[in-house]
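Student: Could we go through this structure together, asking what stands behind each term?
Tutor: Gladly; here it is.

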Amino acid sequence: MGEISVRVYHDRASQLSNAMELCHDDMRAYSAAVGLLAVHSAISYNDAVLISLTGKKSHARDHKQAAAVTIKACRTAKIQPVGLRHLDTLIGAKADVSCGNERVDNQRVEFLYQSARRFRAWAESILGGRR
Amino acid sequence: MVTTKSESRPLTARQQKGRAVNAVAEMLERRLAVPKIYLEPPSSIISADVLAVDRAGAGDLHAVEVKCYRQLGKEPSSTEHDTETALRRVRETTRSWLRHLIAMPAHYKYLAIPRLSWRFLNTMLVPMLLSADGIGKIGIIEIVERGQEPSTAEILILPERFRVDAAKLTKIEKTLINNKKVRPDIEVRI
């Protein structure tokens, strides 16, 4: 699995994140898309980091569990899991932004956008040297 | 409309360059993935005006030399100033900048210049951008000054990736990118 999968997940995460940036340029028109892309880019980045550290993808259905597996993998690899607190925030908002019955306000979307960027910075600092 | 004293005063060369540096940094921030950007990093490490390290400091190095009209000598506009002599002088000046860039340890290199005539770009500048071995091509960024509005930077010619000497890259990583005492001017804080 190893190398190819990291690339697949890394590219996917990167594309979702770039799409988030594009949508963020016009928040009034695409705020719901920004929220959704923030969460899903982070989930993909988490998969990529986990595969790069362990060679395996988490099969946990619950994304919180996948994050816990990544924390464990970081500890084994002696990497500070500082960015994972942002993933926690994003996963916590997943239900609201992807299938909630109410509109998520722009202030919250902006917060999720910033969290996604910070999580990306953390993930890229790990993935960059491992691609 | 109220015109303040500072508005009516022409920009100094330093201010003009500073605005161009800012415009380039902003453009790179948008084009790259969460880059770490250093404005005018120590020349003992790398003598670029802007250094952007892609992917939160783990990716490729993008180095930019920023030049203003005053550094070009006479402004080679697309009209009557576009004489052969002026163009030749500008070509010699840019040739020396390109030589400097070619020697710079970075994966992507750019020359940021003010708006020049297409004739100059196509006939004189473009043939000088490619490296001798064909691996790597210097990109061209155009700086547009807009008076009181912020200057803008736009890529006119896309760069191609250079090879970088591993020892030189390690030195930059050690002394700048991975040096906790040196913080980038622009970064996404984790």
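Student: How do you know that many contacts in chain B join residues at least 24 apart?
Tutor: Of the contacts in chain B between residues at least 6 apart in sequence, 61% join residues at least 24 apart. A contact here means two C-beta atoms, placed from the backbone, within 7 Å. This is a predicted model, where local features need pLDDT of at least 70 and side-chain atom pairs 80 or more, while totals for chains, interfaces and linings use all residues. Residues are numbered from 1 along each chain as written, with chains lettered from A and ligands numbered from 1 in written order.

Student: What makes chain B as compact as a globular protein of its length?
Tutor: Its radius of gyration, taken over C-alpha atoms, is 17 Å. The globule rule (2.2 Å times the number of residues to the power 0.38) gives 16 Å for 190 residues, and the value is close to that, so chain B is as compact as a globular protein of that length.

Student: Which helices and strands does chain B have?
Tutor: Six helices and six strands, as DSSP runs (H or I, at least four residues; E, at least two) numbered from the N terminus. Their order is α-α-β-β-β-α-α-β-α-β-β-α.

Student: Why is α5(A) called mostly covered?
Tutor: Buried means 20 or more other C-beta atoms, placed from the backbone, within 10 Å of a residue's own. In α5(A), 16 of its 22 residues are buried, so the helix is mostly covered. In chain B, buried residues make up 33% of the 190.

Methods
A residue is buried if 20 or more other C-beta atoms lie within 10 Å of its own, exposed if 12 or fewer, and partly exposed in between; C-beta atoms are placed from the backbone.
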